[in-house]
Structure formats: C-alpha cells, structure tokens
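Visitor: Could you take me slowly through one part of this structure, the place where the two chains meet? I would like each term explained as it comes up.

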Amino acid sequence: MTYVLFTLSVLLVMGFVGFSSKPSPIYGGLALIVSGVVGCMIILNYGGAYLGLVMFLIYLGGMMVVFGYTAAMAIEEYPETWGSGFEVFGCFLVGLMMEVGLVLWVLEFDEVVVVVSLNDMGNWVVFEGEGLELVRGDSIGAGALYDYGRWLVVVAGWTLFVGVYIVIEITRGN
Amino acid sequence: MTPTYINIILAFTISLLGILIYRSHLIASLLCLEGIIISLFIITALIASNAHSPLINIIPIIILVFAACEAAVGLALLISISNTYGLDHINNLSLLQC
C-alpha cells in the first residue's frame, strides 16, 4: 500500500485534534495514547525500530501511566466527552475538516510517483571478525550518547536528580 | 517537504494551539504539552532515519529525558493546586501562590 505512511500521519493529526479540542482529561489521555501508538508505527515504518520501542515503553508505559493517575485525581463527576456540548465537538469537527482538506489537496496536486526510497536506517553488516554480525543503526546511534555525549549524560542525570528534588519540594506544600 | 512531514508539523501546531487556548482544566494544557513532546520526538526520529546518520538518534532520547522532567514538575504543580482548591480549574488561580 503506497499511502500507508501518509494515512498514519493523517491519523496522527486526527488524534492530536482529539485531545487539543479539550474534552475532559481522561478522554484527552485516551486520544494521546492513540496518537502515541500511531506515532510509534510511523517511526517503525521509517526503519527506527529501537526508537519506536523506546516510545512505547518509556513514553506510553511510563509517562502516560503517571498522567492517567493524576487525571484520575483531578477529575470531576461528569466528564465531558467529544459529543457533549458544542465547544468540544465544534473544535473537533473544524480540525477534522482541516485535515480532510489537506488530504484532498495532497492527493490532487501531488502526483503519485512510486519511488524506491531508501528511508530505512537499515542494518549494518559487519564483516570483520569471526562470522557475520549485524548492527542496528538506530540503537548504535543512541548508544553513542554514552560515548560522544558523556557530558550530556552527566547534565541530564543531574537535571533528573534536581527535578525529583524540585517535585518533592513542591508537593511538600507550605 | 513530504506530506508526512507536513502532517507532523501540523500536529505540533495543533498542540501548540491547545496549550495557548485553555478552557477549564489545567491538566488539559499539560496534555497538549505532552503532545508537543511526542511530535518533536517523531520528527527528530524521522530525520535521523532519513539522513542515514546514526548519531542524530541521540536527540530523541535527550528530548524524552527533559520531557520527563518537565512533565513531572508540571504534574507536581497541578497536584499542589488540586490540594489547595479541590479541582484544577483555571478560574481558581487568582492569587500568585499555589
């Protein structure tokens, strides 16, 4: 299917419109999770298997769970969904219409040319040493964080530590 | 620019509008902030794959690290507001203190 990547990006925009039209935060979190899944599939289609897995595990499995718990704390009794009231539904509809207009514009003015596109990061085959080895480009690149970017690791680790301390100080209250 | 890039930058812009225009809940703006982080992650991951350069893959990982920090601080502020006022409605925020 030639258009699978474009369809996934259209679904991504629709998911983003879904939580940007500000329903109740529980439904916004649901739309964000769906958008995260679609975004992970876009990254997978471009050949970045490691980064797609990182997004699933760390982003959806870590941060969205925290968001879900916090939204459950700050929720009201009758959460409004996309179908209740004209504001949320109107914003959602305007966003969808805009995206449909973009799809029609792309399909009409951009001609469909099937190009052999090497947009895959791909595997790097190593011929040196005993036998044949295989190296994934994206995971090796992320591992270079600890080699070329060792000062960045120190700064990021210190930032995380200070962030935890700041969170403790804020939630301690007065 | 390929249509996929156009759609992802459009997603970023829609989330940006979602942060700047708020309705009643503060956590909805934090959700749109998470949407911005997701779109930045996707764009940098695609640039890394398209340019066939493995070293660019560092940038999405670092984006996730600092996004976790800012989400944690934003949620801590939300919790302290919710502890003071009961709900996180924005029209509760009249004083310059939590």
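Guide: Buried area is the accessible area, found with a 1.4 Å probe, that two parts lose on being put together, summed over both. The size of an interface is often given in this way, as the accessible area lost when the parts come together. This is a predicted model, in which local features need pLDDT of at least 70 and side-chain atom pairs count only at pLDDT 80 or more, while totals for chains, interfaces and linings use all residues. Residues are numbered from 1 along each chain as its sequence is written, chains are lettered from A in the order in which they are written, and side-chain values use heavy atoms, with hydrogens and water left out.

Between them, chain A and chain B bury about 5,400 Å², and 79% of that area is on carbon and sulfur atoms. On the side of chain A, the residues that lose the most area to chain B are A:Lys22, A:Tyr46 and A:Phe67, which together make up 14% of what that side buries. If contact is taken to mean heavy atoms within 4.5 Å, then 67 residues of chain A and 59 residues of chain B take part.

Turning to polar features, a salt bridge is a side-chain nitrogen of Lys or Arg within 4 Å of a carboxyl oxygen of Asp or Glu, and the rule finds 2 of them across this interface. One of these salt bridges joins the side chains of A:Glu80 and B:Arg23, at 3.0 Å from N to O. There are also 9 residue pairs in polar contact between the chains, both residues being at pLDDT 80 or more; a polar contact is a pair of N or O atoms within 3.5 Å, where, within protein, one must be able to donate a hydrogen and the other to accept it, and residues adjacent in sequence count only if both atoms are side-chain atoms.

Several helices (DSSP runs of H or I, at least four residues, numbered from the N terminus) build the side of chain A that touches chain B, and those giving two or more residues include H1 (4–20), H2 (25–45) and H3 (49–73) of chain A. H3(A) gives the most, with 13 residues. By class, this side has 44 nonpolar, 15 polar and 8 charged residues, where Ala, Val, Leu, Ile, Met, Phe, Trp, Tyr, Cys and Pro count as nonpolar, Asp, Glu, Lys and Arg as charged, and the others, Gly among them, as polar.
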